[in-house]
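Dear colleague,

I am handing over the structure that we spoke about, and I would ask you to look through it before you read my notes below.

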Amino acid sequence: MTSWVAIAYGALDLRGWHENQTDVELMLLPTMPSEPIGLADVPAVLWRKLMDGPVPDTGLDDAEQALVREFAAAGIASEDPSHPARILELRVPWMSSPVHEMVYALVASVARDHGVDAISIKGPMLHRQGLREREHSGDVDVWADPAHLEVLCSALEAWGWNGRTDQWSGLSFNHSVALEPGSWGCELDVHRHIPGCAEDDAAVFGRVRESSQATLFAGVPMLTPDLPAHAVIFALHDLRPEARHGKTAVGAGEHAETLRLGGEKVLQFANSVKASAVLEPALRLAFPTAHLRVDHEVPLNWKWRESKGWWRAYWMIFRSLPAEERLLFIRRAVWPQAEVLAASDGRAGRSTPSLVGARFRRIAKLFRW
């Protein structure tokens, strides 16, 4: 006998959401590439019935049997009671933007279906944990298992996110991949590592995963760092230098309070990912009576960002790379992809960019110390 259950890559109950000014009762993200859809009236009642299922065909009238098959074709119902995207409960949005909450649910679902471990970092969780006042973020940050980052990025292309033209794609020193959103209106940053950690990428990701717990985003669980780990991640992100791009330096005192909110377990986590050398001034301000022992140096992934000269930065990057990546790095540094140069000229406001001129400007830039 055919029976049905409710499935989705994300599901929100908008009936109790204070900002809902429409008749839409449910916001659902189907399990096939699409944007969120809304259900109201009879379809919403039927979908909630399936959520309490399995519901046999014999428990549905003719109109409902036809509708549930439309649900299945759309990717919001299934005959499989153990479907990995089965939804068992509905909640109102906890983020100020339901669409952004759906993005987290989508990434979590895609990562699960492709066997990729992924952790939500920064964003609204910082506000929820009391680490920052601002509630909303314009983009979504995800830390993926570095060994499978490309798998996740490729899988998300079907959902409308495409990798931005990147000079350093495929090189492990590149700490994140920016995915442009298409119609979603929300950029995705998929992180390989967080600069400032001297431990290797895989080990750092493992420590973060151990220090995380599941949080529901539109009904889908996704790992998020606990308070001590997130305080360290936030501090590293905010303190990160970008000397060549004129980024204003953030003082250690500005993040001492953030680290203090994470409690003394911050010290343990910072040591476990070898971030204590970078954070030492802020940690000493946050925990003046604690015994802080730093047994590692500031990593190259931090030092090269402090350099104001391109050659100095590139030399440190080169030294940090595995042997098999060094030739590609040299090629990209001296002779970037044509689309990278075109995008750079576009950002500089050159209305009639010349590839030859761009290459000369690039080479000249390399000799600026």
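How much area does the protein expose, and what share of it do carbon and sulfur atoms supply? The protein exposes about 17,200 Å², of which carbon and sulfur atoms supply 53%, the areas coming from the Shrake-Rupley method with a 1.4 Å probe, with only the protein chains shown counting as cover for residues.

Please keep in mind that this is a predicted model, in which local features need pLDDT of at least 70 and side-chain atom pairs count only at pLDDT 80 or more, while totals for chains, interfaces and linings use all residues. Residues are numbered from 1 along each chain as its sequence is written, and side-chain values use heavy atoms, with hydrogens and water left out.

Of the 369 residues of the protein, 50% count as buried (under 20% relative accessible area, with a 1.4 Å probe and protein chains only). The secondary structure comes to 15 helices and 13 strands (DSSP runs, H or I of at least four residues for helices and E of at least two for strands, numbered from the N terminus).

Ser211 lies in the loop between helix H6 (201-210) and strand E12 (212-217), and because its relative accessible area is 18%, Ser211 is buried. Leaving aside neighbours within four places in sequence, Ser211 is in contact (heavy atoms within 4.5 Å) with Thr224, Pro225, Asp226, Ala229 and Phe269. Ala229 is 18 residues from Ser211 along the chain, and their C-alpha atoms are separated by 6.5 Å.

Best wishes
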